[in-house]
Amino acid sequence: MSGRQGAMPYVLMYHSVQEYDNDPFFITVSPRRFSAQMAWLRRCGLRGVSVRELLLAEASGQARGMVGLTFDDGYADFAAVAVPVLQRYGFTATVFAVAGHLGGRNSWDENGPDKTLMTAQELRKVADAGMEVASHTVTHAFLEMADDAMLAAELKESRTILEETLDREVTGFAYPYGLAGAREVDAVRAAGYTYGCAIWPSENSGRYALARTYIGDRDGRLRLRAKRVRHHMRWGRVR
Ligand SMILES: [Zn+2]
């Protein structure tokens, strides 16, 4: 067990925001839908923030009305499409970049749609715009399959690459495929990260395995509301 908390902060999970034809893994939200979702958050009196900002605010009892926004993999459309929308609403977000694929493609998704990833320059630009850039390993590895040395290297090297790229501290982590087993959670803590984002709730849920709510292109106002209610019923309302 790793510090399971009564109240889990409300954190939404996105991947890609762009127009699309084919999206077998449901990781893409259209720009129009994304804007509508951000508008809905605003109408509910919520402000989208990075996970770093959310956890800092929570520590000082200031997290009321905040919702964490996260984007996995570091797709180029985060810089081109999502960030301008976020800025329009005064929101920030966390993007989890695959440090060994900057400027490359999501080649780990063999059967998925081919998408471009942000370059080092784009990553710096979104960091300068106030977004949190955090790690999603070097290679988008299946950490559960990695031996201890490989696991430690994925965590340490990704952080080093991103910190050198950005010239700023990187303290957040997201588990590829959301796989946050006890060994992986301990390794993320040992590697000096201050939090870890998982996907599903588990016995490891807590600061180093934050459960997140998947948001897809089919999530209109009613489904967004239902998901929020479900989160609060499961975890209790955060202050
Ligand atoms: Zn991923």
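Helices and strands here are DSSP runs, numbered from the N terminus, with at least four residues for a helix (H or I) and at least two for a strand (E). Please keep in mind that the model is predicted.

**Exercise 1. The whole chain**

Task: Find how many helices and strands the protein chain has, and decide how its radius of gyration compares with the globule rule.

Solution:
- Step 1. Start with the count: the protein chain holds 7 helices and 10 strands.
- Step 2. Turn to the radius of gyration, which is 16 Å, close to the 18 Å given by the globule rule for 239 residues. The chain is therefore as compact as a globular protein of that length.
- Step 3. Add the extent of the C-alpha trace, about 45 × 40 × 35 Å along its principal axes.
- Step 4. Look at burial and surface. Of the 239 residues, 56% count as buried. The chain exposes about 10,900 Å², and carbon and sulfur atoms supply 50% of that area.
- Step 5. Finish with contacts along the sequence: among those with a separation of 6 or more, 67% come from residues 24 or more positions apart.

**Exercise 2. Two helices that pack**

Task: Work out how helices α4 and α5 are oriented to each other, and which residues make their contact.

Solution:
- Step 1. Locate the helices: α4 covers residues 120-128 and α5 covers residues 148-166.
- Step 2. Take the geometry. The two helices pack at an angle of about 75 degrees, and their axes are 9 Å apart.
- Step 3. Apply the cut-off: angles of 65 to 115 degrees count as roughly perpendicular. Helices α4 and α5 are therefore roughly perpendicular to each other.
- Step 4. List the residues. Helix α4 contributes A120, L123, R124 and A127, while α5 contributes L162, T165 and L166.
- Step 5. Sort these residues by character, and you get 5 nonpolar, 1 polar and 1 charged.

**Exercise 3. A closer look at the α5 side**

Task: Decide whether T165 and L166 are buried or exposed, and find which residues they touch outside their own stretch of sequence.

Solution:
- Step 1. Recall the cut-off, with buried meaning under 20% relative accessible area.
- Step 2. Place T165 in helix α5. Its relative accessible area is 14%, so T165 is buried.
- Step 3. Leave aside neighbours within four places in sequence, and T165 is in contact with L102, A120 and R124.
- Step 4. Do the same for L166, also placed in helix α5. At 8% relative accessibility, L166 counts as buried.
- Step 5. With neighbours within four places again left aside, L166 contacts L123, R124, A127 and V133. L166 and V133 are 33 residues apart in sequence, and their C-alpha atoms are 8.6 Å apart.

**Exercise 4. Two residues of helix α7**

Task: Classify K227 and R221 as buried, partly exposed or exposed, and name their contacts.

Solution:
- Step 1. Find K227 in helix α7, residues 221-235; R221 lies in helix α7 as well.
- Step 2. Check K227: with a relative accessible area of 11%, this lysine is buried.
- Step 3. Check R221: a relative accessible area of 47% makes this arginine partly exposed.
- Step 4. Collect contacts, not counting residues up to four places away in sequence. K227 touches Y10, T213, Y214, I215 and D219, whereas R221 touches W40 and R43.
- Step 5. Try a distance too: R221 and G196 are 25 residues apart along the chain, and 28 Å separates their C-alpha atoms.

**Exercise 5. Backbone angles worth a second look**

Task: State what is notable about phi at D73 and H140, and where these residues sit.

Solution:
- Step 1. Begin with the background: most residues other than glycine have a negative phi.
- Step 2. Compare D73, which is not a glycine yet has a positive phi of about 90 degrees. D73 belongs to strand β5, residues 66-73, and is buried at a relative accessible area of 4%.
- Step 3. Compare H140, also not a glycine, with a positive phi of about 60 degrees. H140 is in the loop between β7 (132-135) and α5, and is buried at a relative accessible area of 7%.

**Exercise 6. A valine in helix α3**

Task: Describe the surroundings of V85.

Solution:
- Step 1. Place V85 in helix α3, residues 76-89.
- Step 2. Note that V85 counts as buried at 5% relative accessibility.
- Step 3. Name what V85 touches, not counting residues up to four places away in sequence: F34, S35 and M38.

Notes. Residues numbered from 1 in each chain as written. Predicted model: local features only at pLDDT ≥ 70, side-chain atom pairs only at ≥ 80, totals over all residues. Heavy atoms only, no water. Axes fitted to C-alpha atoms, helices over the stretch in contact; angles between N-to-C directions. Parallel < 35°, antiparallel > 145°, perpendicular 65-115°, else oblique. Contact = heavy atoms within 4.5 Å. Nonpolar A, V, L, I, M, F, W, Y, C, P; charged D, E, K, R; others polar. Rg over C-alpha atoms; globule rule 2.2 N^0.38 Å. Buried < 20%, exposed > 50% of the residue type's maximum accessible area, 1.4 Å probe, protein only. Areas by Shrake-Rupley, 256 points an atom, 1.4 Å probe, with all protein chains shown as cover.
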